[in-house]
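Work through the exercises below with the structure open. Try each task before reading its solution.

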Amino acid sequence: MFAFPTAAASAFKEFVDETGSPYHSVLECEKLLKKAGFERLRERETWHLKKGGKYFTIRDGSEIFSFIVGENFDPNTSSMVIIGTHTDSPCLRLRPNSAKESEGMLELGVTPYGGGLWHTWFDRGLGMAGKVVFASEGKIREKLVRVPRPVAIMPNLCRHLQSNEERAAFKFNPEQHLIPVFCSKKYATSEERARGNHRVFLQLLADEAGCRVEDILDFDICMMDATKASFVGLYEEFLASARLDNLVSTFSAFSAITTEADELAKGSQLSVAVAFNHEEVGSRSATGANSKSVQTWIERVLAGFSAEQDYSELVARSILVSADGEHAVHPNYPERHQAEHKTALGKGVAIKINPNQLYATNAATTAITRVVAEKSNVPLQEFTVKNGTSSGSTIGPMLSANLGIRTVDLGITQWAMHSISIMGKPVVYFYSEYYMLSTYQSLNCLDSITMPLPFRRIECVDAHCGGEPARIVLSGVRDPLGPGKSVYEKMEYFRSTRDDLRQLLLREPRGYPCQNADLIVSPQDPKKASFGYIIMEQGEYPPMSGHNTICTATVLLETGLVPMEVPTTKFTLEAPAGLIEIEGRCSERKAESITLTNVPAFVVYDNEEIEVPSIGPVLVSVVYSGMWYAVVDDVDTKHGIPIEPENGKRLCTFGECVKQAARQKLPVVHPENPEINSISIIVLRSSTRGKATVVMPNGDFSWDDPDTWTGMLDRSPCGTGTSAVMALEQARGRLRIGEKFAHRGILGTSYEGLILQSTTVGPFPAVITSITGQAWITGYSTLVVDPSDPFPAGFTVADIWSP
């Protein structure tokens, strides 16, 4: 995986920032389901179900049950996968008669809900969320209300007024001291009380609900942290958020089932995501996990297919994943954790094990979990408590007991569980969602699952831009240097010590001569870039590549790793050459075009005549535009080689020979990075100016061996090559700033270029250019490396490869 999967974390942040009560947790899940085309069912009505359908139902606004019936679902043979979470978190809930007053201050009476770390609630701005029940037109209505601004606070007592004992240990009387201050009596617009509550409090609820104070019949209001979730730490590698326990699991579960909904609808299993209320207080309620709600709903699903009698057999073939929070080892209290089971923040999903059945995991469900994790490249950890230490519990044991279903309890590692602000690491949110998605995908037939051999697995998405392919590596390759190091440094690391990866990705039997790869890594500074990427081509590691960038940006958008916004999504990537600004023109789930702003391009030689062995004199220009380009004009009229696909071999031989000669006779050094000091590839232009092709190396070159005078043609118009041509045309006075430039490749596909502005690089006048093109995803693949494979780095044969 990669170090900063910010899309998963950012999407969760947007989700959790809109919650604050179990009702709002369910509301946000409902939004995800409706967006994915799920149909709401009412408990009071008959359910009319069909195979291939996507449905959900809600109880009391605080428990939600969603399910997909596969088109090939057979109650006699199919299995069921349930992912269960909960919607509630420890909080302070308003009492029915909440009005309190002290020393000129209006206060709110609250009751602690769950086992919160209540000392963390002091000195924090508190908002409100919940529901209001009111009378309207002779009917009883409910309305969710949410006040995100800090309308209350519980101030601490200063140390000077505390006893030595109070200073040594934070002590307070919950009844006397756990009382939020709402406002001063002096500024209250009304000092009246209504049904045991401050009228100004009820007026706030009425304004939010759109009713009159007199119409309010009751309310269920949670106090909440008014501070939004935020990325923290030097590299923003942590996420501090209220309600992380357990909304991160809830978000992951409902994101997984909605993301995979269309594929699950084509399958044979019954896929379920359910989130309960009241887990923090024991789950014994009509909306809690220790009720019969899930059993009732499963029975209703089976009744929709006249299969009520198959309930027991279906459950016996099925599995439940109970997903909740889990205690990561605390760097300041490592001794509180069992030495052999210290689960680390950000290092994978935790299997929660307790032989006293506080967790429902057993050996069989652990094995199944390992299989799914192995298939999906999700790292796992194991958690069990230290002897003599109490362990929390969750919904797993009670659901397992009530349903008789195989169960595994999993945990999302975090610090400060039950604090008002919990700390997690964003990478685990990706692991969590990806594991749940893989669970739905992998468990069509539980009893036929076999443990895979310990092969290395690399998850890739293949794409092409203008005809030129790129393989985007999303997981399975460790980022060796982590955050803080530039992508250029990471590129140099792979070039010098791990070139076997490039060979594995590009050579046979997993690649072919025209394949390229882009390895997703963490950026040097996550504040400046969403991701970094290392570009790998057959002959080199170029600092920058236009088509690879467009493919990478498209894959990040269309797989959801960068949240897509319609109609335009803007973000930044870090290439080895530097920061690349991206603007995607997007429709629903589709990147219709990508515009990248390239690094500065500048000309160092313009039409210098050099002698090329076997060819003769050739006029060559040299331009930097992310890599060093040689450029030759008019190859069709001056050298007799039209730029057409049928002339591919002649173009490759001509281009490689000219490039090698130019390397020897036209030295180059980048003014700002002396390590970029050699011509990489060559642009061959036609006399019509708008058409060109780029020759790229595919092996070692030797003047003594004519068989090596070859290369391969870029199938696309070449993005950085387009920048190079624009810089050359601008230097010659034939292209102005702000003027568009169409550049066609050998297949007739085109990029649109634009010179945005002028600048300088060292002593050279330079231009900033943008390139616009479109990429298409062509496949999703898992590359496997068997330890016994005799070709772990692939191979080449000189029939289709350069010698």
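## Exercises on a strand and two cavities

**Exercise 1.** Find the hairpin of β13 and β14, and say which residue takes a positive phi.

*Solution.* The model is a predicted one. Start at the hairpin of β13 and β14, which has five residues between the strands. There, Gly233 has a positive phi near 95 degrees. Next, check the pairing. Strand β13 covers residues 230-232 and runs antiparallel to β14, with three bridges joining the two. Within this pair, Phe231 stands opposite Leu239 of β14.

**Exercise 2.** Which strand besides β13 is joined to β14, and which residue there is the bridge partner of Ala240?

*Solution.* Look at strand β20, residues 422-424. Three bridges join β20 to β14, and the two strands run antiparallel. The partner of Ala240 is Met423 in β20. So β14 has bridges to β13 and to β20, by the rule that two strands pair if at least two bridges are found between them.

**Exercise 3.** Are the residues on the two faces of strand β14 buried or exposed?

*Solution.* Take β14 as residues 238-241. Buried here means under 20% relative accessible area. One side carries Phe238 and Ala240, and both are buried. The other side carries Leu239 and Ser241, which are buried too. Both faces of the strand are therefore covered, given the 20% cut-off.

**Exercise 4.** Describe the largest cavity: its volume, its lining and the domains that contribute.

*Solution.*
1. Search the whole structure: three cavities of 30 Å³ or more turn up.
2. Take the largest, with about 180 Å³ of space.
3. List its lining. There are 23 residues, and the closest to the centre are Ser89, Pro90, Cys91, Trp121 and Arg243.
4. Assign elements. α2 (22-35), β5 (91-102) and β12 (216-225) each give two or more residues. β12 gives the largest share, four residues.
5. Sort by class: eleven nonpolar, seven polar and five charged residues.
6. Assign domains. Domain 1 (7-89 + 242-448) and domain 2 (95-231) each supply at least three residues.

**Exercise 5.** Why does the second largest cavity lie between domain 3 and domain 4?

*Solution.*
1. Note the volume, about 50 Å³.
2. Read off the lining: Glu537, Ser545, His547, Met627, Tyr629, Ile681, Met696, Asp714, Cys718 and Thr720.
3. Sort by class: five nonpolar, three polar and two charged residues.
4. Compare with the domain bounds. Domain 3 (456-596) and domain 4 (599-773) both give residues to this lining, so the cavity lies between them.

Methods:
Residues are numbered from 1 along each chain as its sequence is written. This is a predicted model: local features need pLDDT of at least 70, side-chain atom pairs count only at pLDDT 80 or more; totals for chains, interfaces and linings use all residues. Side-chain values use heavy atoms; hydrogens and water are left out. Buried means under 20% relative accessible area, exposed over 50%, partly exposed in between (1.4 Å probe, protein chains only). On a 1 Å grid over the protein atoms alone, a cavity is a set of points where a 1.4 Å probe fits but cannot get out, and a pocket is an open set with protein on both sides within 12 Å along at least five of seven lines; lining residues have an atom within 4 Å of a point. Grid points are joined across faces, edges and corners, and a volume is the space filled by probe spheres set on the points. Ala, Val, Leu, Ile, Met, Phe, Trp, Tyr, Cys and Pro count as nonpolar, Asp, Glu, Lys and Arg as charged, and the others, Gly among them, as polar. Domain bounds come from an automatic or database domain assignment.
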